[in-house]
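User: I am new to this model. Please pick one part, look at it closely, and then follow its links into the rest of the chain.

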Amino acid sequence: MNKNPNLKVIVTDLDGTLLNADHIIASYTQTIFQELHQQGYIIIVATGRHHLDAMQLTNALGIPLYLVTSNGARIHGPNQELLYTFDISSGAVQELLTLDIDPSITTVLFKEEFWYTNKENQKLNSFQKEMHYPYEIVDYPTLTDLSAIKILFVDEDHDKLLQLDNQIKALPNSAFETSFSLPICLEIMDKRVDKSYAIAKILEMENSSFTETICFGDGFNDERMLLQAHKGLIMKNAQQTLKDKLNHLEIIGTNIEEAVAKYLETEVLCKVEKG
């Protein structure tokens, strides 16, 4: 049973945090999270991935957990039941796509059962070991319903994405929040939702608060939850600009080393046992 009264909730990102180099949850990490569940901790996985994709990955943990996906636009409960949903309107997306977007950039719209993209992108496809969340190549100007859970721009040239990011931020009365989950991934959400907003909803349901959470992340879409947590921890492989900005937070090892599980074993589970 959890004997640490100041810590009740474990929150973790997926890509670059809980997932290893093969984009899966390794066996040691699975074992640690199963023990955390047995000890009574509430587990929240918060990711930019779509829920169909994320569920296939988190099922490997073999425990009930809360799943925050698409950077807060969906919340699923311990039985994978849908608890919260929020979409970006078709009109807002249409306005965004009228910007001068470099044609080399891959533009992705997250829909409920599939995702739209303007082109094939092998790098993007590699994040799914199995295609549980399929895509469809489309010509955006021909579509009438552009409503989306999330928008994603992908390009190996970070400067191109920075220029696009500046364009989006310059929109008058913009409805969008932007963040770089990776230097090659610019994520677009509605300003009214993000990971921390969704996590706060879960914490309220569990009669808890951020003062009882420990959070792990590596991207700018993790920034708010890392700042709000009782203990926010940044991965060594995180973007340097994020580490510089949050330089008061502790940096642990890399996702390849399963640093999240190692930290939780030594700093949470072992301390509980000794206590």
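Analyst: From one tyrosine outwards

Tyr 197 is partly exposed, with a relative accessible area of 35%. (Buried means under 20%, exposed over 50%, partly exposed in between, with a 1.4 Å probe and protein chains only.) This is a predicted model: local features need pLDDT of at least 70, side-chain atom pairs count only at pLDDT 80 or more, and totals for chains, interfaces and linings use all residues. Numbering starts from 1 along each chain as its sequence is written, and side-chain values use heavy atoms, with hydrogens and water left out.

Start with the rings. The whole structure holds four aromatic pairs (ring centres of Phe, Tyr or Trp, with its six-membered ring, within 6.5 Å; planes under 30 degrees apart are stacked, over 60 edge-to-face, the rest tilted). One of them joins Tyr 84 and Tyr 197. It is tilted, at 6.2 Å centre to centre, with 55° between the planes. The two partners are 113 residues apart: Tyr 84 sits in strand E5 (residues 82-85), Tyr 197 in helix H6 (residues 195-205). (Helices, H or I, of at least four residues and strands, E, of at least two are DSSP runs numbered from the N terminus.) Tyr 84 is buried, at 17% relative accessible area.

Phe 216 and Tyr 263 make another pair, edge-to-face, at 5.9 Å centre to centre and 75° between the planes. Phe 216 belongs to strand E12 (residues 213-217) and Tyr 263 to helix H9 (residues 259-274), so this pair ties together parts 47 residues apart in sequence. Phe 216 and Tyr 263 are both buried.

Now look at H6 itself. Its buried residues are Lys 195, Ser 196, Ala 198, Ile 199, Ile 202 and Leu 203. Viewed down the axis of H6, they fall within an arc of 160°, so they line one face of the helix. (The arc is taken from directions between helix axis and C-beta atoms.) What covers them? Strands E1 (9-12), E2 (42-46), E3 (66-69) and E4 (74-76) are among the parts that do, and so are E12 and helix H7 (223-228). Contact here means heavy atoms within 4.5 Å. Just after H6, Asn 207 has a positive phi of about 55°.

E12 leads on to the packing. The largest nonpolar core has 31 residues (buried Ala, Val, Leu, Ile, Met, Phe, Trp, Tyr and Cys joined through side-chain atoms within 4.5 Å). Ile 10, Phe 33, Leu 36, Phe 216 and Leu 264 have the most contacts inside this core. Helix H1 (27-38), E2, helix H2 (51-58), E12 and H9 each give at least two residues to it. H9 gives the largest share, seven residues. Leu 36 touches Ile 10, Tyr 41, Ile 43, Leu 264, Val 268 and Leu 269, leaving aside residues up to four places away in sequence. Another core, of 25 residues, lies apart from the largest one; Ile 42, Tyr 66, Ile 75 and Leu 226 are among its members.

Last, the cysteines. Cys 215 is buried at 0% relative accessible area, and Cys 185 is buried at 6%. The disulfide count is zero, with a disulfide being two cysteine sulfur atoms within 2.5 Å. Cys 185 shares one side of strand E11 with Glu 187 and Met 189. On the other side are Leu 186, Ile 188 and Asp 190. Six of the six residues of E11 are buried, so the rest of the structure largely encloses this strand.

How values were computed: The arc is that of the directions from the helix axis to the C-beta atoms.
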